[in-house]
Amino acid sequence: MSEVQSTFRLQPGGNAPELTLPDADGNPHTLAELMGANGLVVVFACNHCPYVIHVADALGKCAEQFQESGVATVAINSNDIERYPQDAPEHMTTFAEEHGWNFPYLLDADQSAATAFGAACTPDFFVFDKNRALVYAGQFDDTRPSGNKPAHGGDLAEAVRRLASGESPLVRQYPSSGCNIKWKAGRQPDWWNRG
């Protein structure tokens, strides 16, 4: 299992890219529509990555708490589903249900969202305020699949708590770690250089 980290290409204060992406049933969603009263958590995810599976249940629980604070959540699957059919839309709904994801899980079929956000790995987390300015980009928490600790979402939860309460963002933001985005042939961004 080769570990990749966030790129931090989207810097704090930078604006969330515009996007319109379909869910597994083909229904389109826009960023403006998804935004909560106080902000939005965007997580790049997929169905098969052990890092995503490790945090999936805890993410479902955290998202419910975030919603109570006026911060919505959306997951985006940018993997090449031809090479990784387990990430195809017909499996996305089942995966979301199994892990209590009561938030939209969208398909980035042309990988334009991953490129625009500078997403590098699954999972990769971004938190935006209600004005669509980035306040957090980093890890869910300090646990990993290879460890013996269950995921708890402490880093992400603290970022969302600060956002909802009007406090300043976390000064130190640790990168997310996970499997690399599975780029399609010819779609790998110019900035992608992972050896």
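Is Gln111 buried or exposed? Gln111 is buried, because its relative accessible area is 0%, and the cut-off for burial is under 20%. The residue lies in the loop between strand S6 and helix H4, which covers 112-117. Its backbone is also worth a look: phi of Gln111 is near 65°, a positive value in a residue that is not glycine. These values, like the others below, are computed from a predicted model.

The overall fold comes next. The protein has five helices and ten strands. Its radius of gyration is 15 Å, close to the 16 Å that the globule rule gives for 195 residues, so the protein is as compact as a globular protein of that length. The C-alpha trace spans about 45 × 40 × 35 Å along the principal axes. Of the 195 residues, 52% are buried. Among contacts with a separation of 6 or more, 78% are between residues 24 or more positions apart.

On the outside, the protein exposes about 9,000 Å², and carbon and sulfur atoms supply 47% of this area. The protein carries 14 positive and 24 negative charges, and the mean positions of the two sets are 8 Å apart.

The interior can be read through its nonpolar cores. The largest of them has 35 residues, and those with the most contacts inside it are Val41, Trp101, Val127, Phe140 and Leu156. Several elements each supply at least two residues of this core: strands S4 (39-45), S5 (71-77), S6 (105-107), S8 (124-129) and S9 (134-138), together with helices H2 (50-68), H3 (89-98) and H5 (154-165). The largest share, nine residues, comes from H2. Apart from this core lies another, of 24 residues, among them Leu40, Leu106, Ala119 and Phe126.

Val127 gives a view of the surroundings of one core residue. Beyond its neighbours within four places in sequence, Val127 is in contact with Leu40 and Val41, with Ala133, Leu134, Val135 and Tyr136, and with Leu156, Val160 and Leu163.

Strand S5 offers two further points of entry, Thr73 and Ala75. Thr73 counts as buried, because its relative accessibility is 5%, below the 20% limit. With neighbours within four places in sequence left aside, Thr73 is in contact with Leu40, Val41, Ala63, Phe66, Phe103 and Pro104. Ala75 has 0% relative accessibility and therefore also counts as buried. With the same kind of neighbours left aside, the contacts of Ala75 are Val43, Trp101, Phe103, Pro104, Tyr105 and Leu106. One of these partners, Val43, is 32 residues away along the chain, yet the C-alpha atoms of Ala75 and Val43 are separated by 4.7 Å.

Where does Thr122 lie? Thr122 lies in strand S7, and it is buried, with a relative accessible area of 1%. Leaving aside neighbours within four places in sequence, Thr122 is in contact with Phe44, Ala45, Cys46, Cys49, Tyr51 and Val52, and also with Ser177, Gly178, Cys179 and Ile181. The peptide bond from Thr122 to Pro123 is cis, with omega near 0°. Pro123 itself is found in the loop between S7 (121-122) and S8.

Two more loop residues complete the tour. Arg132 is found in the loop between S8 and S9. Its phi is positive, about 70°, although Arg132 is not a glycine. Arg132 counts as partly exposed, because its relative accessibility is 22% and the buried class ends at 20%. Gly26 is found in the loop between strands S2 (20-22) and S3 (28-30). Gly26 is partly exposed as well, with a relative accessible area of 48%, as the exposed class begins over 50%. Gly26 and Tyr84 are 58 residues apart in sequence, and their C-alpha atoms are 19 Å apart in space.

Note on methods
Residues are numbered from 1 along each chain as its sequence is written. This is a predicted model: local features need pLDDT of at least 70, side-chain atom pairs count only at pLDDT 80 or more; totals for chains, interfaces and linings use all residues. Side-chain values use heavy atoms; hydrogens and water are left out. Helices (H or I, at least four residues) and strands (E, at least two) are DSSP runs, numbered from the N terminus. The radius of gyration is taken over C-alpha atoms; the globule rule is 2.2 Å times the number of residues to the power 0.38. Buried means under 20% relative accessible area, exposed over 50%, partly exposed in between (1.4 Å probe, protein chains only). Contact means heavy atoms within 4.5 Å. Accessible areas come from the Shrake-Rupley method with a 1.4 Å probe; for residues, only the protein chains shown count as cover. Lys and Arg count as positive and Asp and Glu as negative; His and the chain ends are not counted. The place of a charge is taken as NZ of Lys, CZ of Arg, CG of Asp or CD of Glu. A nonpolar core is a set of buried Ala, Val, Leu, Ile, Met, Phe, Trp, Tyr and Cys residues joined through side-chain atoms within 4.5 Å.
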